[in-house]
Every structure is written in structure tokens, then in C-alpha cells.
Amino acid sequence: MRTKYLVGCDGGRSLIRKAAGIDFPGWDPTTSHLIAEVEIAKEPEWGIRHDAIGIHGLSRLEDGGPVRVMVTEQHVGSTSEPTLRDLREALIAVFGTDYGIHSPTSISRFTDMTRQAASYRKGRVLLAGDAAHVHYPVGGQGLNIGVQDAVNLGWKLAQVVKQTSPESLLDTYHAERHPVGARVLRNTMAQVALMRRPDDRVKALQDTMSELLDMDEPRKRFFAAMMSGLDVRYDLGEGHPLLGRRMPDLDLVTADGPLRVFTLLHGARPVLLDFGHPGRLDITPWADRVQLISAEYAGAWELPAIGVVAAPTAVLIRPDGYVAWVGDQTEFGLADALTTWFGPPAAA
Ligand SMILES: Cc1cc2nc3c(=O)[nH]c(=O)nc-3n(C[C@H](O)[C@H](O)[C@H](O)COP(=O)(O)OP(=O)(O)OC[C@H]3O[C@@H](n4cnc5c(N)ncnc54)[C@H](O)[C@@H]3O)c2cc1C
């Protein structure tokens, strides 16, 4: 098979990453869990248990179905596929019984191994998702950042393949997404540290964090914004606080009626939203690639991580929903931003 570009979305053990010779530095696991869906002979101790080995849980959906088991293993480092016997032994070590588990529909192992590809691009090979970063699943962030990797890369790759943008556009993928992945690795490692068997010092740290999380501002503006990825800001230079941040999903009023901003992004094409007099911005040389929409918006411009910002007179939104240029009465910088992100102007 021959291909112009190859994107490795093949998970943490990525064959594509290994074959491309991309390093995957990081930290070995310090804790290991089995997670499974099984049938059970004896009524177990439902709910979550913390003990010297770690955290464990048994649950069943209200409407029945298999029992969901999560149990921390006594030892870290097993590389073989987990078996029913492994699960039984792990349960006995924690609960003193295996509750007569049988008929598993799934058994898998996960750890807090934390690693990140040294480069998200090597020539014509790119990595996205777990192929580019693995970490403990605390906070449910892995799928989210993996999808955001793909959304950041997809439109750039399409433009390079169509030759509307130079190949160098692909370098912005690593530049933008690698720091986001590194931050998630850091916050998951911090959370693993907080979950360790609480000696007095860990307990003091847990209590301090609990106090912080009781406060609205740190909880919403820092922790929630970080864990949801809503605080991501790509470094697109100095300027209005919206620059490089995710465009809020505003309720606009247009000549065709009310419209949500994100509806405009469904076609994965860039959008220039103009809140000034219709017709004042001329993007004819990019009209084949960029939608120009005249709109009104009277409400507040509020972003999850930074709060209310000054209303711009225009915004250029990339297909991944991030703001590439912010207008303040003038067109200053617009042509440069259009060229940087969506290729040179078409010949007249
Ligand atoms: C217990 C647990 C709970 C989690 N909970 C959450 C959560 O709540 N929220 C969240 O955002 N994330 C969560 N995650 C993380 C999330 O599951 C992963 O980040 C996400 O699945 C990664 O997606 P991916 O497509 O990059 O990789 P994968 O899901 O690993 O998909 C890779 C795919 O590539 C295929 N593949 C691999 N090699 C080859 C090959 N050689 N040829 C062909 N196909 C191949 C695989 O079969 C697989 O289908 C959790 C993870 C765990 C372990």
C-alpha cells in the first residue's frame, strides 16, 4: 500500500509510532487495575473500597446486566493478557473471596503508565489519540484530547493534500497539540499522587486540594476548565483574549434568522463572522475557502476559563472552532491570518 500521509490512531501500543521510530518517553506504571464485566454467584460488597492495595469497586446497572468489577492488582508490571484467574486472585487479595465470578464478557488491564510521543509528526507520518499520549484515565480526559487532536489535524491535512496550504501547516499540529497532551499527562500524574495510600502528608495535600475545590473560582476557572479542555489556548501571538481560544457557541442573529455559531462549523470550513456593517470586510481572494457571515450578537462574550471578554467587531474561526484572528474596527492582520491558516489568496 502506498499513501501520501499516514495518521497513526492505533492506540497506546501504536505499531505506526514504533515503525516510524518516534520515541515515547515518560514514566513506567506505579499502579495496575483489572476492569471486567462478569456474572457473579454471591452477592458482593457493592460500591467503592479504598485500602492498602488501592481503589476497588463493584457495581451493577439498576436494570441488571453483568457485574462491573474494577480491582487494583497487588503487583505492577504484568504484560500478558489478563485472565479470569488473574481477576479471581486480585479479588481474593482484596475481599477475601472471588464472589464466584464466572462468564466474563470482558477483562482488561489499565495502569498509570504515562508517556507522550516525542514528536506528533515525522515526515509524512502523524500520530493522534492514545498513539500520541497515554496516561491514567482519571477525569476521563483521554478520548476528549484524542478527538481534539484529530479535529486539529483533519482540516490542516485536507488543505495540505489539496495543496491550498503549504506542508509547513502540519508543523502547527505538533506545536499546538503536544503542549495540551503534556498538560493532561501532568494533571493525571498529580491526581494519581493524590489517590495514593494516604499517609499524613498525602492526607494534608488531599485536604488542601479539597479546600481549593470548595471555592467556585478555582473549581470552575482552573480545574473544570482544565479537565474539560475548555481552557486550551493555542499560542497565536499577542492580542485579544479570544485569540487562540475556542470560540464560544453564541446565539447569533443573521439576515437569514437566528443561528448558533457551531452550526456554521458543521461543514468543517473556516468562518469569518463580521459584527460590523455588512460588506465592510472584503475577503474575495479567499471566498472559495472561507464563509463570510454578517451577524449581530448583543449578549456577553464569556469564556469558561477567563470569564467575560470585550466584544470583538469580527472573528475569524478555524474549522476546529479556534479563533485565528480578532477584529477591532479595522482589517489589520486579517489577510495575514487568512494566508497563514487557509493558504495564499487566489489569483484575481
Ligand atoms: C478504564 C478506562 C476508562 C476510561 N474512561 C475514559 C473516559 O471516561 N473519558 C475519556 O475521554 N477517556 C477515557 N478513557 C481513555 C480512552 O478510552 C482512550 O483515551 C481512547 O479510547 C483512545 O482512543 P484512540 O482511538 O486513540 O485509541 P484506541 O481506543 O486504543 O483505538 C485504537 C484502535 O486501533 C486499532 N488498532 C491498533 N493496532 C492496529 C493495527 N495494527 N491494525 C489495525 N488496527 C489497529 C485498535 O483495535 C483500536 O480499535 C478511559 C480508559 C480506560 C482504560
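Two strands are taken as paired if DSSP finds at least two bridges between them. With that in hand, β5 and β6 can be picked out in this predicted model: strand β5 (residues 55-61) pairs with β6 in the antiparallel sense, over four bridges, and a hairpin of two residues joins β5 to β6. Within this pair, G57 has M70 in β6 as its bridge partner. Strand β6 (residues 64-72) also pairs with strand β3 (residues 32-39), again in the antiparallel sense, and here the count is six bridges. In that pairing, A36 sits opposite V69 of β6.

Now for the chain as a whole. The chain holds eight helices and 19 strands, and its C-alpha atoms fill a box of roughly 75 × 55 × 40 Å along the principal axes. Of its 348 residues, 29% count as buried. Among contacts between residues at least 6 apart in sequence, 62% link residues that are at least 24 apart. The domain assignment splits the chain into domain 1 (6-27 + 115-195), domain 2 (32-111) and domain 3 (251-342). Taken over C-alpha atoms, the centres of domain 2 and domain 3 are separated by 51 Å.

Another group of strands makes an open sheet, with three strands in the order β1-β10-β9 and mixed pairing. β1 (6-8) and β9 (121-122) are the edge strands; each has a single partner strand, so one side of each goes without a neighbour in the sheet. Strand β10 (residues 125-127) runs antiparallel to β9, and two bridges join them. One residue pair to look at here is K122, which stands opposite V125 in β10.

Next comes the ligand. It is surrounded by 16 residues, and the closest are G11, G129, G140, G142 and L143. Helix α3 (residues 142-161) supplies the largest share of this shell, four residues. Sorted by class, the shell contains seven nonpolar, seven polar and two charged residues.

Turning to nonpolar packing, the largest core has 30 residues, of which V315, L316, I317, V323 and A324 touch the most other members. At least two residues of this core come from each of α7 (261-264), β14 (271-274), β18 (314-317), β19 (323-327) and α8 (334-342). The biggest contribution is that of α8, with five residues. I317 shows what the contacts look like for a single residue: leaving out residues up to four places away in sequence, I317 touches M247, L265, P270, V271, L273 and V323. Another core, of 12 residues, lies apart from this one and includes A117, L126, L170 and Y173.

A further hairpin, of two residues, links β12 to β13. β12 and strand β13 (residues 257-260) are antiparallel partners over four bridges, and D251 stands opposite R260 in β13. T254 belongs to strand β12 (residues 251-254). Setting aside neighbours within four places in sequence, T254 is in contact with L259, I293, S294 and A295. For T254 and S294, the C-alpha to C-alpha spacing is 6.4 Å, although their positions lie 40 residues apart in sequence. T254 counts as partly exposed because 15 other C-beta atoms are found within 10 Å, where 20 or more would make a residue buried and 12 or fewer would make it exposed.

Finally, a couple of backbone oddities. S103 is not a glycine, yet it has a positive phi of about 45°. S103 is part of strand β7 (residues 102-111), and it is exposed because just 10 other C-beta atoms lie within 10 Å. A268 is another residue other than glycine with a positive phi, in this case near 55°. A268 is placed in the loop between α7 and β14. A268 is exposed too, because 12 other C-beta atoms lie within 10 Å, and a residue with 12 or fewer counts as exposed.

Notes. Residues numbered from 1 in each chain as written. Predicted model: local features only at pLDDT ≥ 70, side-chain atom pairs only at ≥ 80, totals over all residues. Contact = placed C-beta atoms within 7 Å. Core = buried A, V, L, I, M, F, W, Y, C linked by C-beta atoms within 7 Å. Near = placed C-beta within 6 Å. Nonpolar A, V, L, I, M, F, W, Y, C, P; charged D, E, K, R; others polar. Domains from an automatic or database assignment.
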